[in-house]
Amino acid sequence: TSKLPNFQTSKLPNFKLIILFLLIFCFNTIISAQPAKKSVLSIDHFTNSEDWPVSIFPSEDCIHVYYAGWTKHEGIDDCNNSVELVSPIIGKFNTLTNNNVWIHTYEVLKSNKDGGYNSIVEIGNYVFAIGSQTGCQETNPASGSIILKADKITGIAVSGYPQWNPQGNGHNFNPIFENGQVIGMAGFGSKNGTASLCITDQNGNINPNFGTNGYFSSSTPNSKAYRLIKIENHSTIGYAYTGYKTIPDPLGQHDDGADILIGFLDATGKAIPNVDELILSEGDISEYVDIMDDDAPVCPLKEYPGIFESHSGDWGWDMEQDGNFVYLSCVFDGIWRSGGFCNGKSDYHYEDVGILKLDLGTREIVDGINVGVNEAPDYYPDLEIKNGEIFILGAKSTQLDPLIVEGKLSIFNTNLELQSERTFGDDAWNINCSFDIDFNCNDEIIISGDNNANDEDYYFYTFSNVCQNKQAFNGDDIVNGTPITGIVNW
């Protein structure tokens, strides 16, 4: 690959700079059989804060990417306690200059309870983020959704935002797309022990006409939804969702397991008559075959007595529609360990990840593939479909002391045939935990996650997937003298 030193944008006229980018970038695309790492950006928020960018959304200008999540940092909560606050954040970075443009903390409550923005989108001149917060126990135990509207250029919140909605309690959110455009947010989670779903408009207001009084509640007890998507061009199915149903141990001698939950709703968010939810364990899916070749954890439990191990079973994580099929990323044989992972590290996941292909006509699984074992302190098996290819995230521990965890990107066609697979990391840190994946208008792959720099910093990888086709850019933050740093190749 070609390597470029850091340089200033004022050193070359714009048209020469862009031609140089195109020539070197296209050359790298031609000689590489898999996406090549273009750049990596690491951002430290507060001193020694734990930073999680769990959602990304590319701007229509093809230059910037917005991100949302949370940061854990020292502070005073609403109960006047000195704690590690969990603060919702949004940010924006430039993929051409590889610089962070801004980052803002917007919260309604100050608390050390789990919470943050878990989805961000750009609509018109604004960015919208939505998530949840929970108050400190002593005086404000309430939890609910938090909604933000901000100027997309500056990130400054519009007057009256962020807003608080206690009805959003128990839900995470992801964008709802129709014909490629964001039309609102889909809420998913659990209320009163069952999977619960809702949708919002573009401003984050819950639609009261969805389901019953704004919510659909599953008839399956001990269930939780992890994803809700809108189904397009189908006569009866308006939405599909996935998650899990907890399977209690009848003797109470072992941890509760879980089976995959898959369900379908009509266009109004109500159950479809005579269409039942699917409850599937790994053994129920003949199309899926577990591959045992790499079932060898870097951290065997027997060598580290005192570590708590929980067997979480099987669950659906993400789903995307492609024509008459829905593709799901699922976790099988999930194991979660805590209490000092191996050599003193934190929590640890060890599990198989697979892709299931579901026919919307028959509502049956017609194919499945084992993507491989994932082993890391944290990661999300997020899945996206682009130009007839399925992209799925993972993680793999390769060394114990010091612990080294690399991100993994696998690409399949819609027949679930492996097209490409690569791991990725950076010499500046050892831990790579990936959370979200998306594409800009040049089909470059953007991945967000965190690392072990400064406790945990936000990171963003950009991978070159095709030859750059956009030749002119306008960015409000690009001026003469803007440094371009960290670009590995173009």
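## Exercises on a predicted model

The largest cavity is lined by 14 residues, and those lying nearest its centre are Phe128, Met185, Gln202, Asn203 and Gly204. Keep in mind as you work that this is a predicted model.

**Exercise 1. Find out how many cavities of 30 Å³ or more the whole structure holds, and what volume the largest cavity has.**

Let's start with the idea behind the search. Rolling a probe the size of a water molecule over the atoms shows where empty space is left. Next, take the count: searching the whole structure gives two cavities of 30 Å³ or more. Last, look at the volume: for the largest cavity it is about 60 Å³.

**Exercise 2. Work out which strands each supply at least two residues of the lining of the largest cavity, and what kinds of residue the lining holds.**

Begin with the strands. Those giving at least two residues each are strand 7 (116-123), strand 8 (126-134), strand 9 (143-151) and strand 12 (181-191). Then ask which strand gives the most: strand 8 does, with three residues. Now sort the lining by type, and you get eight nonpolar residues, five polar and one charged.

**Exercise 3. Follow strand 12 into its sheet and describe the order and pairing of the strands there.**

First, the order: this open sheet has four strands, arranged 11-12-13-14, with antiparallel pairing. Second, the edges: strand 11 (171-178) and strand 14 (216-221) each have a single partner strand, so one side of each is left without a neighbour in the sheet. Third, the twist: with direction ignored, neighbouring strands of this sheet are turned by 25° against each other on average. Finally, zoom in on one pair. Strand 12 and strand 13 (residues 194-200) are joined in the antiparallel sense by seven bridges, and glycine 189 stands opposite serine 196 in strand 13.

**Exercise 4. Do the same for the open sheet that contains strand 2.**

Here the four strands run in the order 2-29-28-27, and the pairing is antiparallel. At the edges you will find strand 2 (36-43) and strand 27 (433-439), each pairing on one side only. From one strand to the next, the twist averages 20°. Between strand 2 and strand 29 (residues 458-464), which run antiparallel, there are seven bridges. To see these two strands face to face, look for isoleucine 43, which stands opposite tyrosine 458 in strand 29.

**Exercise 5. Step back and describe the protein chain as a whole: how many helices and strands are there, and what share of the residues is buried?**

Count the elements first: one helix and 30 strands. Then turn to burial, counting a residue as buried when its relative accessible area is under 20%. Of the 490 residues in the protein chain, 56% are buried. Contacts complete the view: among those with a separation of 6 or more, 59% join residues 24 or more positions apart.

Technical notes:
Residues numbered from 1 in each chain as written. Predicted model: local features only at pLDDT ≥ 70, side-chain atom pairs only at ≥ 80, totals over all residues. Heavy atoms only, no water. 1 Å grid on protein atoms, 1.4 Å probe; cavity = no way out; pocket = protein on both sides within 12 Å on 5 of 7 lines; lining within 4 Å. Points joined across faces, edges and corners; volume = space filled by probe spheres on them. Nonpolar A, V, L, I, M, F, W, Y, C, P; charged D, E, K, R; others polar. Pairing = 2+ DSSP bridges. Axes fitted to C-alpha atoms, helices over the stretch in contact; angles between N-to-C directions. Buried < 20%, exposed > 50% of the residue type's maximum accessible area, 1.4 Å probe, protein only. Contact = heavy atoms within 4.5 Å.
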